[in-house]
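These are my notebook entries from a session spent looking up the sheet, the charged pairs and a surface patch. I write down what I found in the order in which I looked.

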Amino acid sequence: MARRKIQETSEVAMKIHGGTPSNMQPAYFGLFATLSNGASASTLTDMFYKSPTVMTKVIPNVVNEKVKAFENSKTNFVRSVNVLYRNGLVSKEKYISIRSALSMNNKENSNSKSHTEFLSNCNVPRILPYKELMYKIKGIDIGNLYDLNEQFCTGLGNDDHIEGKYRDLTELLLRLTQFYLKVNEHRLDKLIWYNNKQAGHFNVAIGGDGAPFGKDDSALAWLVSFLNCGHRISSRNENFLLLGANCSEDCEAIRRYVLKLSQDIKEIEKKTYSVSVDGQLWNVSFSFDMFPNDMKYIAFLAGELSISATYFSPFANVKKADICDTKSTFGVEPSHKWKPWTY
């Protein structure tokens, strides 16, 4: 009975919409056009849910094609970068683990894994594989990189040579101004122009710090940020790398770099620059208003002896010889062994 109804309907559809027994496509397209244009969305939904062919074959074909296109899209690249850099750079192993957790699940009664499906035969979109993501990231134009060893190690012994790269401060600042001015209208925290300065005056925070790291047991980074945006005061998500090297923070090569940097800062603060953003010409200027370094590095930058040589605390007169004393106390009374520094 059902087969006869299908045959009779097909014959009528061929007469109306065209087609032959060997090529039913025109008739089927005509029937579907009538159905999709005449029936309501809720009716079509009910019909699709009741059709195993539609639910297990047709919809998965459409969805998986869209999923594949999404996985290769710029949106998924940004999504993958967001996972990689969320709350700090994650390791390769951690990223791969996160990717697996987001898109794979364990099969029941088995040690193997399968793709997570949100619908029968429809896999959830996956973030990019680690190697593909890193390849795309390395292809991003971040401007010119300069070699620290070539620029600041001339005349130094082999033991004083360092490995690292830095970016020209002026070039980096102008790139950042173009970026922030372009995206400002889309941000919730709009740019703020301080001290009655005209729009386009950026307040810069710049600083560096070293830490034990890697095979050379020391690493150094200098960062730049604008106080006009984010959390205003050195927002952790608004810092940009100016220099990175495998050396101590006060080695001779870095001392030479700091001398150059101080000259660059003086020249930058004297000038006004023009940048084009979406066809609009902006006059931008900079002032360096914050140097978020620790006490030791500030002493180095100022050419002074660091207080950490013997008195390592910037808050109290604690000496290296006293650090194992667990019974003495800190305070302002005469009975206290350690007292605050008088500033």
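Before the first entry I fix one term: I call a pair a salt bridge when a side-chain nitrogen of Lys or Arg lies within 4 Å of a carboxyl oxygen of Asp or Glu. I also keep in mind that this is a predicted model.

Entry 1, a charged pair towards the end of the chain. I looked up Asp-322 and Lys-337, and found that their side chains meet in a salt bridge, at 3.6 Å from N to O. The pair links distant parts of the chain, since both Asp-322 and Lys-337 belong to the segment after α11 (295-301) and are 15 residues apart. I then asked of each partner whether it is buried or exposed. Asp-322 is buried, because its relative accessible area is 13% and the cut-off for buried is under 20%, whereas Lys-337 is partly exposed at 39%.

Entry 2, other charged pairs. My search of the whole structure gives 13 salt bridges. One of them joins Asp-147 to Lys-165, with the closest N and O atoms 3.3 Å apart; here too distant parts of the chain are linked, as Asp-147 sits in strand β5 and Lys-165 in strand β6, 18 residues apart. Asp-147 counts as buried at 16% relative accessibility, while Lys-165 is partly exposed with a relative accessible area of 42%. I next looked at Asp-264 and Lys-260, whose side chains meet in a salt bridge at 2.7 Å, N to O. Because these two residues are four apart in helix α10, about one helical turn separates Asp-264 from Lys-260. Lys-260 is partly exposed, with a relative accessible area of 29%.

Entry 3, the sheet. In what order do the seven strands of the open sheet run? I read the order as β5-β6-β9-β8-β7-β11-β10, with mixed pairing. The edge strands are β5 and β10 (273-277), each of which pairs on one side only. I followed β10 to its partner β11 (residues 280-290), and the two pair in the antiparallel sense over five bridges; Tyr-273 stands opposite Val-284 in β11.

Entry 4, the helices on the sheet. Helix α9 (residues 169-183) packs on the sheet and touches several strands, including β5, β7 (201-211) and β10, and its direction makes about 40° with that of β10. Helix α10 (residues 252-270) also packs on the sheet, where β6 (164-166) and β11 are among the strands that it touches, and its direction makes about 130° with that of β11.

Entry 5, further strand pairs. I found that β7 and β8 run antiparallel and are joined by eight bridges, with Ser-225 in β8 as the bridge partner of Ala-205. The strands β8 and β9 likewise run antiparallel, joined by five bridges, and I noted Trp-222 standing opposite Leu-243 in β9.

Entry 6, the surface. Which residues make the nonpolar surface patch of about 260 Å²? The patch is made by Ile-140, Ile-142 and Leu-145. I placed Leu-145 in the loop between α7 (130-138) and β5 (146-147), and with a relative accessible area of 47% Leu-145 is partly exposed.

How values were computed
Residues are numbered from 1 along each chain as its sequence is written. This is a predicted model: local features need pLDDT of at least 70, side-chain atom pairs count only at pLDDT 80 or more; totals for chains, interfaces and linings use all residues. Side-chain values use heavy atoms; hydrogens and water are left out. Patches are made of residues with over 30% relative accessible area and no salt bridge: like charges are joined within 9 Å, nonpolar side chains (Val, Leu, Ile, Met, Phe, Trp, Tyr) within 5 Å. Accessible areas come from the Shrake-Rupley method with a 1.4 Å probe; for residues, only the protein chains shown count as cover. Buried means under 20% relative accessible area, exposed over 50%, partly exposed in between (1.4 Å probe, protein chains only). Two strands pair if DSSP finds at least two bridges between them. Contact means heavy atoms within 4.5 Å. Axes are lines fitted to C-alpha atoms, for helices over the stretch in contact, and angles run from 0 to 180 degrees between N-to-C directions.
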